[in-house]
Every structure is written in C-alpha cells, then in structure tokens.
Amino acid sequence: MSTPAEFGCVDEDTRRKCAEWVGELALARGRTIAVAESLTGGMIASALAQARQASEWFRGSLVAYSTPVKHQLLEVPAGPVVSSDAATAMARSARKLLLADISVAVTGAGGPSAQDGHEPGAVMVTCGQPGSDVVVMGKAAEDLLPAVGQKFPRGRIKMIMSQIAFAPVPAAG
C-alpha cells in the first residue's frame with residue numbers, strides 16, 4: 001500500500017495522495033467513511049470523493065454550516081456548536097445517517113469574530129466509530145484549518161487512519 005511521504009498535505013497532488021491512502025486503507029480493512037463538516041465547508045469530502053474507488057468506501061458528507069442545521073439534522077445538543085460535544089454529535093449523526101463505520105466531523109470558529117467563546121481559528125474535530133470517538137481541540141495552525149490556506153489537514157488524516165487501522169475487522173459473511 002502506498003503512503004504519502006508525510007502528512008503535511010499542502011498542494012493538490014499531496015492532498016490527492018492522502019485521500020488515496022485513506023481509501024486504500026478503508027478498502028483493505030473493509031471500512032466505510034462519512035464526514036460531517038461545518039468550518040471546512042465540504043473540503044474534506046471533496047478530497048475523499050476524488051480518490052480511486054471512493055464509491056466503495058466513502059459514504060458521503062453532510063455540510064452543516066448554520067447552527068440550526070447542526071442542532072436539528074445532526075442532533076448537536078442545545079448550546080455551543082464550537083465544542084467537543086458538538087463535534088462528537090456531528091460525527092455520530094454522520095455515521096448513523098450515512099450508514100458508515102467511521103466518521104470525522106469538524107466544527108470551529110471561522111471568524112472574523114469569536115463564536116461560542118472561541119476566538120477565530122478554534123477547531124474541534126471528532127473522528128470515531130461506535131464506542132470509540134477521538135476528539136481533538138485546538139487553535140488553528142497551518143495543518144488544522146483547511147478553510148484557511150486550502151489545505152487538507154494532516155491531523156484529520158492521522159485520526160482517520162488510526163480509526164481505520166485499529167478498527168475490528170468485520171466478520172466474514
């Protein structure tokens with residue numbers, strides 16, 4: 001299985017290679033992936049959908065940019081949408097709605113003003129599968145905020161890869 005030389009997915013070619021790598025591992029492990037995005041506006045899904053054989057492992061994406069959509073469609077609990085709870089609810093709902101094994105969800109404060117007490121650039125990401133959600137919170141850096149600088153985030157790739165790699169292999173037939 002080919003792997004990108006590094007996870008710092010910056011240019012289009014490297015972004016494509018990262019998505020291909022996710023797809024290869026998902027196929028090899030028999031896993032399907034779904035995405036729920038807010039801050040990234042569909043950029044993660046766009047990269048994954050362009051990978052070879054995406055229709056075999058990529059279930060789709062839900063882009064919920066507005067707060068009411070997050071609460072109503074993705075079952076984000078009442079309260080802030082820039083939070084680990086919101087990212088986790090988004091990931092769980094994406095798995096459920098899109099019938100996927102693994103999901104990644106991204107929410108955050110895009111600016112120019114603070115949102116839910118977080119300065120612009122704050123990012124909350126959850127990647128997981130039933131019973132195992134991994135949450136990452138942080139201030140946007142070059143590798144954390146794909147909406148700025150048009151980068152496919154290396155941290156998200158690592159999270160997706162670890163969830164696929166360590167997921168139990170489905171029982172045969």
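Which residues have the most contacts inside the largest nonpolar core? In this predicted model, they are Ile33, Val35, Leu48, Trp57, Phe58 and Val106. The core itself has 20 residues.

Several elements supply two or more residues to this core. On the helical side these are H1 (12–29), H2 (43–49) and H3 (54–57). The strands are E1 (33–37), E3 (102–108) and E4 (122–129). Helix H2 gives the most, with 4 residues.

Apart from this core lies another one. That second core has 18 residues. Ala36, Val81, Met90 and Ala100 are among them.

Now return to Trp57, one of the residues with the most contacts inside the largest core. Leave aside residues up to four places away in sequence. Tryptophan 57 then touches Ala19, Val22, Gly23, Ala26 and Leu27, among others. Its partners also include Arg31, Thr32 and Ile33. Leu48, Ala51 and Arg52 are touched as well.

Next, the chain as a whole. It holds 6 helices and 5 strands. Read from the N terminus, the order is α-β-α-α-β-α-α-β-β-β-α.

Contacts also reach along the sequence. Take those between residues at least 6 apart: 61% of them join residues at least 24 apart.

Last come burial and surface. The chain has 173 residues, and buried ones make up 49% of them. The accessible surface comes to about 8,100 Å². Carbon and sulfur atoms account for 54% of that surface.

Note on methods: Residues are numbered from 1 along each chain as its sequence is written. This is a predicted model: local features need pLDDT of at least 70, side-chain atom pairs count only at pLDDT 80 or more; totals for chains, interfaces and linings use all residues. Side-chain values use heavy atoms; hydrogens and water are left out. Buried means under 20% relative accessible area, exposed over 50%, partly exposed in between (1.4 Å probe, protein chains only). Contact means heavy atoms within 4.5 Å. Accessible areas come from the Shrake-Rupley method with a 1.4 Å probe; for residues, only the protein chains shown count as cover. A nonpolar core is a set of buried Ala, Val, Leu, Ile, Met, Phe, Trp, Tyr and Cys residues joined through side-chain atoms within 4.5 Å.
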